[in-house]
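Here is a note for a colleague who is looking at this structure for the first time. Please read the points below with the sequence and the model side by side.

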Amino acid sequence: MKDKQHYNARYPYGARIIDEAADWFTRLQDTELSCEDREAFADWLSASPEHVREYLTLANLHADIGELPPTRSVEDLVELAGQGHPENVISLNAVERVAKPDDSPASGTGRAGRVKRIAALAAGLVVIALACVWWLYPHANVATYTTSIGEQKSFPLSDGSIVTLNAVSKLRIHYTEQYRDVQLLSGEALFAVAKNKLRPFRVLTNDSVIQAVGTQFNVNHRYADTTVTVVEGTVEIRPVVSQPQFTRPAPASEGSSGEGLGARSSIIRVTKGQRAHVDAQDAAITVSTVVDATVDTAWRERHLTFESRPLGEVVAEFNLYNEHPIEIRDAGLNSTQVSGSFNANDPQSFALFLEAAKLAKPKIESDKILLMPMATP
Amino acid sequence: MTDAKRNTQFSDVFREQRGRLYHYLKRRLANEDDAQELAQESFLRLLRVTRVDLVADPQAYLYRVARNLAYEKEAKRLPAGSWADDSELEQVEDTRDTPDTVAEQTSLAESIQRVIEELSPRNQAILLLFCQHGLSQREISDRVGLSKSMVQKCLAQAIAHCRKGLQSLGKHNGSRQGVRP
């Protein structure tokens with residue numbers, strides 16, 4: 001029992017966390033949780049890294065038990081389970097009573113009670129410490145969302161607008177009373193904006209401010225430039241040459257009227273079915289008409305469509321969606337023009353397409369795809 | 001198709017999908033400090049997830065965060081060189097039965113077997129029906145004649161007991177390999 005004491009000394013509230021984690025884990029396995037329960041579970045997970053750790057550990061344990069070769073049939077086990085006397089169950093487990101997540105750990109008496117109180121105190125301190133860390137992050141009005149490789153995230157904002165964030169992207173929400181500002185730090189996002197004329201919705205990138213009232217549009221800020229495609233309604237774009245001022249928490253009032261975009265002269269209106277490209281270097285805006293605006297939002301279905309795009313960019317795009325990257329092994333290939341429509345999660349087919357089109361010679365390895373120039377005959 | 005069969009299929013898919021995460025975590029968690037670090041980072045990321053997203057499916061979200069973290073950690077390690085020759089990555093990617101993990105798993109399997117045998121017959125049976133035979137709690141409840149909430153309680157007790165037992169044996173994410181006599 002030495003180990004157990006050692007364990008208890010190090011994590012005085014460990015046993016309680018194990019009980020709580022076991023309770024949650026079993027409840028989540030095949031039950032439809034009510035909304036309140038999901039809330040409670042999210043709270044529990046967010047309360048401590050020890051909770052997260054214990055939950056993952058139990059998930060592991062569950063898988064490990066499942067991997068043991070079964071020694072008894074279902075029928076035998078059902079019979080065995082039916083034979084047990086309820087008293088038996090209670091007496092055997094009296095020591096390790098399953099604590100409900102909301103059970104007070106300080107409810108014991110005597111020595112055990114003291115241990116529990118210390119445990120409660122320790123747990124309380126952890127919560128306070130975490131709360132401090134939590135408050136150090138600017139989160140009151142500013143929330144940052146990031147996605148990693150292959151991850152796409154869609155979430156509603158407090159005003160009812162919906163943001164869909166593509167893979168490897170970063171976005172910061174900054175709502176104030178006057179504006180609904182969203183800063184696209186990198187990557188790509190689709191915005192479906194709830195109508196509110198009094199409180200304009202603005203997307204800010206390094207080189208532009210895109211303002212909408214009630215509309216749907218895609219912003220790609222993967223590279224230095226910004227490309228805006230309007231799916232529905234109209235947006236106004238103002239190029240920004242210097243750093244945008246919105247990185248500060250409260251945006252200073254803009255222009256004299258405060259009605260949104262300041263210098264009227266440089267504002268470009270872009271409507272449904274148009275695509276605007278803002279050059280980060282000289283702030284020049286080029287507007288073109290797109291035959292099918294959904295091509296620019298097809299990333300939501302993990303469809304990639306390219307029209308005469310350099311291979312270097314195309315490959316970079318594929319690599320946003322896949323753990324196993326495509327690597328260009330010859331710099332000369334970077335500028336090769338590629339057109340076509342592909343499944344973002346199927347880089348192999350793309351590689352075979354390149355070969356069939358005699359654009360590059362792929363070598364498919366277990367963890368990556370290499371692209372070499374076609375051998376000259 | 002019977003419910004039991006469907007459920008087995010479901011758990012198979014579920015297990016397979018989570019397999020890589022488990023194998024990764026198992027290795028990571030074998031070391032106390034790594035376990036702390038991973039839990040800490042998963043936790044911090046969960047805090048950054050929107051509340052709406054987290055509440056929508058907290059478990060799925062946790063798994064996703066942990067898995068992404070696992071990938072990222074490996075990706076970060078590789079360029080450093082020290083891990084490039086190590087078989088760690090392959091073991092994460094592909095892994096199931098290198099001699100090393102087989103030995104590790106054998107002694108782990110023995111320990112798990114031992115702690116399961118300490119359970120009351122009922123809890124033992126319910127645990128095995130659930131984890132090994134893939135019966136749902138509802139099915140166990142129907143066949144054994146216990147209420148569903150009772151089945152869930154027994155299951156939670158059984159899993160918690162195993163976890164504590166393994167912990168005192170220094171197994172399952174403890175740092176020692178051997179089974180204590």
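1. This is a predicted model, and over residues 1-12 of chain A the pLDDT stays under 50, although the model still gives that stretch eleven contacts beyond four places in sequence. A second stretch of chain A, residues 85-110, also has pLDDT below 50, and here the model shows 40 contacts beyond near neighbours in sequence. Where pLDDT is low, the predicted coordinates should not be read in detail.

2. For chain A as a whole, the mean pLDDT is 75, and 73% of its residues reach 70 or more.

3. An open sheet of three strands in chain A deserves a closer look; its order is β15-β18-β17, and its pairing is mixed. Because β15 (326-328) and β17 (361-364) of chain A stand at the edges with a single partner strand each, one side of each is left without a neighbour in the sheet. From one strand to the next, the twist averages 25°.

4. Within that sheet, β15(A) and β18(A), the latter covering residues 369-372, run parallel and are joined by three bridges. Ile328(A) has Leu371(A) of β18(A) standing opposite. Packed on the sheet is helix α9 of chain A, residues 347-356, which touches β15, β17 and β18 of chain A and whose direction makes about 150° with that of β17(A).

5. Two residues of chain A should be checked for their backbone angles. Val168(A), which is not a glycine, has a positive phi of about 45°, and it is found in the loop between β3 (162-165) and β4 (170-175) of chain A. Val168(A) counts as buried, because it has 20 C-beta neighbours inside 10 Å.

6. The other is Arg302(A), likewise a residue other than glycine, with a positive phi near 60°. Arg302(A) lies in the loop between β13 (285-289) and β14 (303-310) of chain A. With 16 other C-beta atoms within 10 Å, Arg302(A) is partly exposed.

7. Which pattern does chain B follow when read along the sequence? The pattern is α-α-α-α-α-α-α-α-α, and chain B accordingly has nine helices and zero strands. Of the 181 residues in chain B, 38% are buried. Among the contacts in chain B with a separation of 6 or more, 59% are between residues 24 or more positions apart.

Conventions. Residues are numbered from 1 along each chain as its sequence is written. Chains are lettered from A and ligands numbered from 1 in the order in which they are written. This is a predicted model: local features need pLDDT of at least 70, side-chain atom pairs count only at pLDDT 80 or more; totals for chains, interfaces and linings use all residues. Two strands pair if DSSP finds at least two bridges between them. Helices (H or I, at least four residues) and strands (E, at least two) are DSSP runs, numbered from the N terminus. Axes are lines fitted to C-alpha atoms, for helices over the stretch in contact, and angles run from 0 to 180 degrees between N-to-C directions. Two residues are in contact if their C-beta atoms, placed from the backbone, lie within 7 Å. pLDDT is the predictor's confidence in each residue, from 0 to 100. A residue is buried if 20 or more other C-beta atoms lie within 10 Å of its own, exposed if 12 or fewer, and partly exposed in between; C-beta atoms are placed from the backbone.
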